[in-house]
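Hello,

Here is the structure I said I would pass on. My notes on one part of it follow below.

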Amino acid sequence: MEAASRTFWSFDSLLLTCFILVIFSIIIVDAEISDNKTIGRVLKAYRPLYHRKEQDASSASLTFNDKEKDIDIIATYSDTSGNIRTRRVKMKDLSASWVLENPINGNLDKLKGSKVLKLKDSYQASTTFEENVEHLLDDHQLHEGEIQNHQRASWSHVKFKRQVLRQRRRDLRIAELLRQDKEADKQMQATTAIENLKNMDTFVKGKYSIWRRDFENPNSDSTLKLMRDQVIMAKSYANIAKSKNQSILYNSLLKHLRENLRVIGEANSDAELHPSSLDHAKAMGHTLSLAKDELYDCHTVARMLRAMLLSTEDKVGSLKKRSAFLIQLAAKTVPKPLHCLPLQLAADYFIHGYQNKKDLNNEKLEDPSLYHYAIFSDNVLATSVVVNSTVLHANEPEKHVFHIVTDKLNFAAMKMWFILNAPEKATVQVENIDDFKWLNSSYCSVLRQLKSAGIKEYYFKANHPSSLSVGSDHLKYRNPKYLSMLNHIRFYLPEVYPKLNKILFLDDDIVVQKDLTPLWDVNLQGMVNGAVETCKESFHRFDKYLNFTNPKIVENFDPNACGWAFGMNIFDLKEWRKRNITAIYHRWQDLNEDRTLWKLGTLPPGLITFYNLTYPLDRKWHVLGLGYDPALNQTEIENAAVIHYNGNYKPWLDLAVAKYRSYWSKYVKFDNYYLQLCNISE
């Protein structure tokens with residue numbers, strides 16, 4: 001039974017295979033027939049545009065009908081690129097316009113063997129037929145050897161001449177098309193220019209002419225701009241009229257000048273002008289026209305306008321200096337809500353008697369195997385954001401210890417905040433800088449300098465030769481932080497934390513966005529400080545911070561050395577002690593007592609102290625500029641481990657860049673009782 005079944009299936013498979021082969025053969029034959037018919041239709045469809053009235057003696061016309069004997073013909077033609085192509089066709093497929101070049105008495109019976117007849121068309125001016133044949137026959141070319149044989153057999157002087165003429169016609173046609181294209185481009189450009197002139201706003205901002213009739217311009221604010229220009233010209237001509245004792249014209253100019261100024265007032269657009277403003281502008285224009293006729297002298301007017309320009313520049317400079325001072329003042333002045341917060345916290349700290357409670361001896365504070373942070377600040381709210389953002393992104397918050405040092409004025413408030421808002425699992429220590437008895441003027445040179453009368457005079461005496469009155473560039477040195485030891489305690493980390501080996505220093509104007517524990521595993525390669533470099537091309541290099549006209553600076557430092565940033569720095573305290581870095585800091589601070597090596601601040605002495613001792617960290621660890629640059633890359637900000645609001649536009653101030661504020665504010669608990677009590681909100 002099984003043998004019979006196998007035989008049946010074998011026979012069935014064989015039958016199916018045969019059937020498939022038959023179908024495949026039919027398809028191939030049908031395709032060839034279809035192809036030949038298609039070629040025939042194309043050849044028949046081609047007709048000359050005129051009839052031959054006479055034929056050469058050496059040529060004879062051949063016509064066939066369906067009953068006459070047919071022969072195979074090799075059709076040879078050249079494509080658009082000049083390549084020779086061939087194809088077998090039937091004589092009956094050719095139109096009547098095709099003739100034999102060398103017929104044998106017009107008798108087809110004598111065409112035997114392998115003889116080849118060459119045919120030519122009576123009209124070869126058009127290339128459409130050749131393109132169609134090329135498209136249809138491209139996939140049916142003969143083998144290479146056969147093509148070469150037919151090319152040699154079919155090549156003739158007539159064929160060559162025809163190809164040369166065809167190429168010449170193509171070249172002429174291409175040249176004609178290029179010429180037409182250039183003319184079309186010129187015409188289009190001319191048309192576009194005319195349209196642009198029609199639609200152009202002739203009232204260009206910053207280029208207003210007093211002699212134009214701008215009040216007829218339908219654009220907005222044209223009248224206001226015209227009247228302001230008239231005021232400028234009236235002042236100029238009034239001064240010239242006064243110098244030439246033309247009192248009538250002088251009084252007329254002053255009269256119209258006062259009227260225009262009264263009409264303009266505080267207006268910023270035409271809509272805010274008085275309805276009679278246009279009449280005043282016309283009256284002023286008439287007066288200026290008279291003044292121009294009587295007083296206009298190119299050199300005199302130019303001299304007067306130059307004097308007005310210099311006066312205006314002086315006013316602008318004064319306003320810029322005032323603006324810079326006000327920005328500094330706004331940036332360094334504590335807003336009322338932020339002033340309220342430490343007062344309320346300090347009051348409750350003493351009311352509830354927390355000052356009498358001693359801190360528990362926490363072994364974590366001196367455990368070198370944990371992750372230790374140093375934050376030196378007098379801003380309670382800013383410090384809380386640093387701690388909250390760090391703990392939130394920490395993988396093991398119980399291993400993180402925060403050492404906060406503040407001044408005597410804010411110690412109670414800082415202490416109270418972290419008693420009531422202690423971060424989950426993490427440890428927080430708050431210390432008073434005044435409790436560091438070793439930090440005194442006999443040991444710390446900068447502390448001695450900060451208490452000197454010269455420094456205080458440098459800050460607050462505007463009549464001092466080296467004071468800030470010499471230029472607005474030095475206004476930033478009035479920052480109160482330069483008079484605070486909290487800003488310089490960073491150079492005494494081994495003394496503050498004698499039992500620690502590594503510590504991460506954080507400014508209070510930063511926000512942590514990722515886990516920072518990998519920083520403790522960075523190999524500093526014998527360096528003391530790990531920081532992100534800030535130099536880009538020629539910016540933020542040593543020559544920006546240090547005075548390289550001083551020989552002491554020139555001898556010891558490279559002006560092109562790359563600067564780096566304070567704000568997030570990993571310090572190797574063991575290497576610090578080994579190299580006695582604090583002594584280096586003291587030495588250069590003593591040399592700069594007259595402030596000739598650098599101005600005030602901590603970055604210049606930091607660059608000097610850690611010169612050739614700073615290991616560059618990847619830029620993704622620390623992105624700066626959120627406190628002054630509104631054009632930072634958003635992706636870099638979001639991918640950074642730490643973002644830094646260095647600059648005047650701190651996130652807790654109204655000056656803050658609006659689009660950067662949310663990165664900071666999301667770590668503030670605005671539902672906190674004390675924040676609501678002091679009206680601190682988003």
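Thr406 of strand S7 has Asn432 in S8 as its bridge partner. This is a predicted model. The pairing of S7 with strand S8 (residues 427–432) is parallel and consists of six bridges. To get from S7 to S8 the chain passes through helix H11 (residues 411–420), in a right-handed β-α-β crossover.

S7 also pairs with strand S6 (residues 371–376), again in parallel and through six bridges. In that pairing, Phe376 is found opposite Val405 of S7. Helix H10 (residues 380–393) belongs with S6 and S7 to a β-α-β unit, which is right-handed.

As for burial, seven of the seven residues of S7 (residues 400–406) are buried, so the strand is largely enclosed by the rest of the structure. Buried here means under 20% relative accessible area. The cover extends to both faces of S7. On one side the buried residues are His400, Phe402, Ile404 and Thr406, and on the other they are Val401, His403 and Val405.

I also looked at the second largest pocket, whose volume is about 830 Å³. It is lined by 32 residues, and those closest to its centre are Asp359, Leu365, Lys415, Val428 and Gln429. H11 and S8 each contribute at least two residues to the lining of this pocket. S8 contributes the most, six residues. By type, the lining of the second largest pocket has 17 nonpolar, six polar and nine charged residues.

Regards

Key. Residues are numbered from 1 along each chain as its sequence is written. This is a predicted model: local features need pLDDT of at least 70, side-chain atom pairs count only at pLDDT 80 or more; totals for chains, interfaces and linings use all residues. Side-chain values use heavy atoms; hydrogens and water are left out. Buried means under 20% relative accessible area, exposed over 50%, partly exposed in between (1.4 Å probe, protein chains only). Helices (H or I, at least four residues) and strands (E, at least two) are DSSP runs, numbered from the N terminus. Two strands pair if DSSP finds at least two bridges between them. A crossover is right-handed if, with the strands pointing away from the viewer, the path from the first strand over the helix to the second runs clockwise. On a 1 Å grid over the protein atoms alone, a cavity is a set of points where a 1.4 Å probe fits but cannot get out, and a pocket is an open set with protein on both sides within 12 Å along at least five of seven lines; lining residues have an atom within 4 Å of a point. Grid points are joined across faces, edges and corners, and a volume is the space filled by probe spheres set on the points. Ala, Val, Leu, Ile, Met, Phe, Trp, Tyr, Cys and Pro count as nonpolar, Asp, Glu, Lys and Arg as charged, and the others, Gly among them, as polar.
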